[in-house]
There are 8 protein chains.
Amino acid sequence: MTFRNGLASLLRPEDSVLVLIDHQPYQLANLNSHEPQMVINNTAGLAKAARAFGVPTILTTVIAERGGLLFPQITDVFPGQEIIDRTLINTWEDPKVVDVVKATGRKQLIIAGLWTEVCVAMPAIQALGEGWDVTVVTDACGGVSVESHEVAIKRMIAAGANMMTWIAVAAEWQRDWARLDTAGKLTEVFAQHGGGSGIAYLWEQQLLNTPVPTAAG
Amino acid sequence: MTFRNGLASLLRPEDSVLVLIDHQPYQLANLNSHEPQMVINNTAGLAKAARAFGVPTILTTVIAERGGLLFPQITDVFPGQEIIDRTLINTWEDPKVVDVVKATGRKQLIIAGLWTEVCVAMPAIQALGEGWDVTVVTDACGGVSVESHEVAIKRMIAAGANMMTWIAVAAEWQRDWARLDTAGKLTEVFAQHGGGSGIAYLWEQQLLNTPVPTAAG
Amino acid sequence: MTFRNGLASLLRPEDSVLVLIDHQPYQLANLNSHEPQMVINNTAGLAKAARAFGVPTILTTVIAERGGLLFPQITDVFPGQEIIDRTLINTWEDPKVVDVVKATGRKQLIIAGLWTEVCVAMPAIQALGEGWDVTVVTDACGGVSVESHEVAIKRMIAAGANMMTWIAVAAEWQRDWARLDTAGKLTEVFAQHGGGSGIAYLWEQQLLNTPVPTAAG
Amino acid sequence: MTFRNGLASLLRPEDSVLVLIDHQPYQLANLNSHEPQMVINNTAGLAKAARAFGVPTILTTVIAERGGLLFPQITDVFPGQEIIDRTLINTWEDPKVVDVVKATGRKQLIIAGLWTEVCVAMPAIQALGEGWDVTVVTDACGGVSVESHEVAIKRMIAAGANMMTWIAVAAEWQRDWARLDTAGKLTEVFAQHGGGSGIAYLWEQQLLNTPVPTAAG
Amino acid sequence: MTFRNGLASLLRPEDSVLVLIDHQPYQLANLNSHEPQMVINNTAGLAKAARAFGVPTILTTVIAERGGLLFPQITDVFPGQEIIDRTLINTWEDPKVVDVVKATGRKQLIIAGLWTEVCVAMPAIQALGEGWDVTVVTDACGGVSVESHEVAIKRMIAAGANMMTWIAVAAEWQRDWARLDTAGKLTEVFAQHGGGSGIAYLWEQQLLNTPVPTAAG
Amino acid sequence: MTFRNGLASLLRPEDSVLVLIDHQPYQLANLNSHEPQMVINNTAGLAKAARAFGVPTILTTVIAERGGLLFPQITDVFPGQEIIDRTLINTWEDPKVVDVVKATGRKQLIIAGLWTEVCVAMPAIQALGEGWDVTVVTDACGGVSVESHEVAIKRMIAAGANMMTWIAVAAEWQRDWARLDTAGKLTEVFAQHGGGSGIAYLWEQQLLNTPVPTAAG
Amino acid sequence: MTFRNGLASLLRPEDSVLVLIDHQPYQLANLNSHEPQMVINNTAGLAKAARAFGVPTILTTVIAERGGLLFPQITDVFPGQEIIDRTLINTWEDPKVVDVVKATGRKQLIIAGLWTEVCVAMPAIQALGEGWDVTVVTDACGGVSVESHEVAIKRMIAAGANMMTWIAVAAEWQRDWARLDTAGKLTEVFAQHGGGSGIAYLWEQQLLNTPVPTAAG
Amino acid sequence: MTFRNGLASLLRPEDSVLVLIDHQPYQLANLNSHEPQMVINNTAGLAKAARAFGVPTILTTVIAERGGLLFPQITDVFPGQEIIDRTLINTWEDPKVVDVVKATGRKQLIIAGLWTEVCVAMPAIQALGEGWDVTVVTDACGGVSVESHEVAIKRMIAAGANMMTWIAVAAEWQRDWARLDTAGKLTEVFAQHGGGSGIAYLWEQQLLNTPVPTAAG
């Protein structure tokens, strides 16, 4: 058991690959750890950030013909992309998914899904055993209870997983506001999904573009 | 002090008028009673529901050139609509707003805004004294602390205001799922802003449109 | 607005009628105010208590062919009983339901359902205006958020509704443990649904039926 | 029991009188309903707002030679002002205080103190019975437990008291941002005690005073 | 429905009578609204305060031979006093209790018991209908869930009951620290049951009895 | 101290053995970390899942003739099975239990019991020292306070224990929905104990078995 | 960093030594992480358990002549015992304390005190570095905020400390209810300080000593 | 991964260096993990404590001309000090900051900033990899949600960071109240920012300087 630290341990877009797992109606129907609208919002924000930074994103479901299709807020980000459907609850035992991930050649594996304690925990734990650097984006996940979500996080930490939230992932990919090509795209994502930060940015731009009043307002 | 009950006390689209007050950056920057993204989401959902039911909606701000423009998630629902800017903190003391509300000829006055304890409480209390039937949509509001939000709700209840949340307002306007002209529009609003209800509806439609399996799946 | 008090205001089995509204999958899929398993448990406990005390119980759903059938934990308590399906969101505007309630000749109207802020609030408020003595069993209800549930309770209180929880209703029907005919049945309901009370009762009976130890244990 | 509403029911500086009761060390030592630093901050903010609007403020303690002196954050706002010391726990039974309040000729009586359930509740309830319009500033109060604070608020509401929080009081006194003589003073109070609002205001001023960038920043 | 206010509405020892209901093991075994040790502590503190002020206290249980004896922390305060055992869940329907209360000739009826929603709510509501001035000491009560406790408080408020907590009752009986005969006794009760207030008092006395240091400490 | 990860670290039915410890009335009577009904529900769900997957389950109590018999909701799952009674608080010091566990030949030791901080923590910590792979099912446990439960979980993590919740254990045993022999049994367990998931499954099946409507519903 | 597990890692009375640090008025006056009465209760319960098991207990304060004397609820357990007063905030840097601890020859060092993040954290971290086996009894501690208490626990875990609560410590010392000499004493401690467990025990004894009813009660 | 313990691991003023990062308006505008006023208060308290102990403090911002200037409550502590502005989100990648820190020659690196999960987490994790002893002062930080703040803390713990709160840092620097030169300064900081501790200290001094009453008060 070693500490996970150092500059190299921070996420980089060119080394990242994102896997979104089972954001489906059956799972959401018994999600009790988070406000469902926030999980949808955060996952869509994460997906758009991945797209903005060119991070390959794998979409997968479990028996979608019964448990329901992936949320449209996610699929809308990747029009036409194949969604890998499985019977295996543990995504990482399904070569259909793992082969696609391996094909990207990237080793910073980022996972989010429903439920935290099942569909996220199993692949995270297995992949860690195989040497992957695994990050779980907890606020794009959710479980059947607050306890199940939090206990799963403790379990994954004990397995060596790295825990983050979606805005932190996006900001770590950006790393420097001087990288203007992605800064604009990221700002757009925050404006749609970043709550107070999006509104604060719009205010900032409005006021900056207001001529200095000649007499104090 | 009388009980507010009876069928006539329920909200009807044809008698409703909505006033959205001061959903602006300055206010959101110190909102601590709710997740800001949820307040934006709920207010946008409420605005779209009002549009779907033909409920006239008044938009107003306080000194927008300094405190910031109304959230685009709200103005996007009403493209081109005038936003009434004020210096008066209490909207109801400004005839520019009240005259527009009165011109609608409607008496079920529905209010949401930031902050609950200031920009919502004052007009609600004044309008109640003038005989309006006032409903406050609490989850499209928010205050500087949980206590300030909750205490303001108690104060407005003591003033005779009716308390609701945005999905309840929309469902009360709908009243009967047999009203198909608005049912479809409302469903669309829920799909975008209604969290688990939107996703559950999509699942329902997917499964209903799946042929009955010949052997149990 | 008058205080609701006095011995006559307490619930009596012979004057009570229970209406269970829209305990259906679509509603449960976005219930975020309570642990869903507890709502199912509490509603089943309430239903069984009603049966034990001979309180007529009306079951109703809204478009069950799409939104899903009433929970089996409820229908199992009343095998073969008709479930009144509606398109009207507001149960009390549907004479199919109201006529059955009126036919019981009882005036203590007890309501529980999903969601508190829609399917419970509307009939409660309408019935209060028509002179019914309305009690809402809050822990057999639930809403899309904690705020929507709590705000709806405040609204119904302002409408004159009486607020209770399911164990309080059952105990008020019992009123005196000397009424042995129902005491046994109620104890059985608590054993299944009453959490710590059921287990405590079993312990009490075990120890009472243990011979006094000859030497201190 | 009547609703408290109408424009006249809003607070006006010229009709307001503030009584701060027993913000003393002994009381703070067992305050468990709020973060103590926030109660000190909110009471100081309220005191400074009162001074800014010319609202007479009465300071009183109970046996200060043993229970400790009024917080310096409050006395610093009113240098040299007499603090009325009492043995009576119920301030309103002590003519030394009531006479001073009456001498102001104002009838909008605003109270804050420690503890909510003792030193605030008693005078509020007594004064209400004598016809005063009583407002309690809940976040400048606090009790020995969350329950004691909240139950006391329910009790005072049942006695007819009006509930507010300190920023709401200050904003209601201001009423219109066009009243520039007090607007500046109030902004200063928010900058010191208003958390995010103070910082947001400073940001607004900084950006407004930044020349419009020639190329988008 | 009238406001309950005015000096006469405050509790006075000579007009008060306290009824402690069903603080028994069976009830405590499913108490989930409060920390059980705190309910025991608060009830014992309330009982000792009643004794200190000469307030007659009635003790009653429901089928104690099965549900268990009153907590010894309560009975120890009143050695040798008869405990009225009932089969009636609603204490106020049992003349054995009511006759004793009436015999005291006092009309400020103060109630605490387990559970809030059953054994407290029923007698409170009935007695209010009979014209009693009823106060419920909420933190010497408790229910099977937080919701059941809180909903019962709302119900009793709607019935006209007055809500307080035990330290507020004791302080209201004291009213003036100049009443030295009871002040000392009350201080002793706080030292044992009043958490931080007891310890703060001891500190105050220690420091007051410390000679002024010749050089600052 | 090593990370616990890799595919082999996931639970498998054929390597699992479950020990349920002291789910008894005395313990439940002072359980304050969870809703008691949920602990009963979760433990019964876990027991039925173990039975469905053929996982041997050991039942044990501490002095059941005084502290009360195991909950019937658990014993009903294993009719006729011996319950090992102990005087030792630490189950793992009692060879009567350990020998039975060892006889199963399995090394994935899964524990749940009351209280987390006593009857679960001690055997978990001892067994870990002896080389067992220990998993604690936290939501089938509970303690005398939230703090005692949570601190015990931290302690057991520091001892090397794996933390899970009951639905996660059951889903991990299932691993692949293509294993139809257990999938049906597990679905039945969820329908009874899995809250929203059971109801969502019933809805799914209802809708799948509804013919596709000829015109949109 | 190694896992702390195995039978030898459990607490034994003969190897334990308890140090109670700075349970003084100055610290309690700003304790905001716990209900103060519960901290007093839990520390007294821990102290009495230590006495019951013959565990040597060291009492220490920091500048008691100013910050106040140790709570009498603690000193009453050890009449006449010296209390070691310090100026050093970090107890473990004061040989007056450490020498007494070392003189006991015991290595299972158990600490509780106020505040968790200062007076407990420093000696725990230092002693761990010197090879002591350190257990912190978190519910006999407390800090200036919930965050400060919880962050300190995380820090001490990262330093290798063992976290427990007072009832867990007492039960671990007892280990087997067949040790009758201490079982009776421990039961007495629980009856006074163990909330629901004390009352449940008294009920158990009452019912066991009730003759079996000839007809079901 | 090793335990961080031992006397040498405690903070010493002469080895400490403090970096305050991005306490700016844009960040505060979407801070939802803490009360903003408390974060401002705690950071100012930490800054003043650093000044009192002579701990060098580096101030840094990210694009302050747009995101806003450092809070004046912080800059007021260090009049005239340069604030290092960056475009890099990760402070530790900017040599302008790191060189200044290195120039102090100190290795106990103490960090606080907004947001915890971005501007604090990245430099903490990088610096740990470079061998720094990193302490994060969590209550002078804050994030966009409670979850983002708490998950970031878990991540930094897994990276080897030490977690503290501001009062704990200050007390650890003081270490011994006999160090009178800093004790007075620290007491002054607590009086302004330490909530109940400041007031308790003033009370203590008042009472100590009160002559012993000739007759008990």
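Helices are DSSP runs (H or I) of at least four residues, numbered from the N terminus. The exercises below use a predicted model.

**Exercise 1. The surroundings of B:N42**

Task: State in which helix B:N42 is found, whether B:N42 counts as buried or exposed, and which residues B:N42 is in contact with.

Solution:
- Step 1. Locate the residue. B:N42 belongs to helix α2 of chain B, which covers residues 36–52.
- Step 2. Judge the accessibility. Buried means under 20% relative accessible area. B:N42 has 6% relative accessibility and therefore counts as buried.
- Step 3. Look for side-chain partners. The side chains of B:N42 and B:N41 are joined by a polar contact of 3.2 Å.
- Step 4. Set aside the neighbours within four places in sequence. B:N42 is then in contact with B:D139, B:A140 and B:W166.

**Exercise 2. The interface of chain B and chain H**

Task: Describe the interface between chain B and chain H by its contacts, its buried area and its polar contacts.

Solution:
- Step 1. Count the residues. Nine residues of chain B meet nine residues of chain H.
- Step 2. Give the area. The two chains bury about 420 Å² between them, and carbon and sulfur atoms give 38% of this.
- Step 3. Find the main contributors. On the side of chain B, 64% of the area buried against chain H comes from B:A29, B:N32 and B:P36, more than from any other three residues.
- Step 4. Classify the residues. The side of chain B that touches chain H has five nonpolar residues, three polar and one charged.
- Step 5. Check for specific pairs. Between chain B and chain H there are zero salt bridges, and the count of residue pairs in polar contact, both at pLDDT 80 or more, is also zero.

**Exercise 3. Two cysteines of chain E**

Task: Determine how many disulfides there are over all chains, and describe E:C119 and E:C141.

Solution:
- Step 1. Recall the bond. A disulfide is a covalent bond between the sulfur atoms of two cysteines.
- Step 2. Apply the cut-off. The sulfur atoms must lie within 2.5 Å. Over all chains, the count is zero disulfides.
- Step 3. Consider the pair. For E:C119, the nearest cysteine sulfur is that of E:C141, 10 Å away; for E:C141, the nearest is that of E:C119. Neither E:C119 nor E:C141 is in a disulfide.
- Step 4. Assess accessibility. E:C119 is buried at 5% relative accessibility, and E:C141 is buried with a relative accessible area of 0%.

**Exercise 4. Chains that do not touch**

Task: How far apart are the nearest C-alpha atoms of chain A and chain E, and the closest ones of chain B and chain E?

Solution:
- Step 1. Chain A and chain E do not touch, and their nearest C-alpha atoms are 18 Å apart.
- Step 2. Chain B and chain E are joined by no contact, and their closest C-alpha atoms lie 8 Å apart.

Conventions: Residues numbered from 1 in each chain as written. Chains lettered and ligands numbered in written order. Predicted model: local features only at pLDDT ≥ 70, side-chain atom pairs only at ≥ 80, totals over all residues. Heavy atoms only, no water. Contact = heavy atoms within 4.5 Å. Buried area = accessible area lost by both parts, 1.4 Å probe. Salt bridge = Lys/Arg side-chain N within 4 Å of Asp/Glu carboxyl O. Polar contact = N/O pair within 3.5 Å; in protein donor to acceptor, adjacent residues only side chain to side chain. Nonpolar A, V, L, I, M, F, W, Y, C, P; charged D, E, K, R; others polar. Buried < 20%, exposed > 50% of the residue type's maximum accessible area, 1.4 Å probe, protein only. Helix = DSSP H or I, 4+ residues; strand = E, 2+ residues; numbered from the N terminus.
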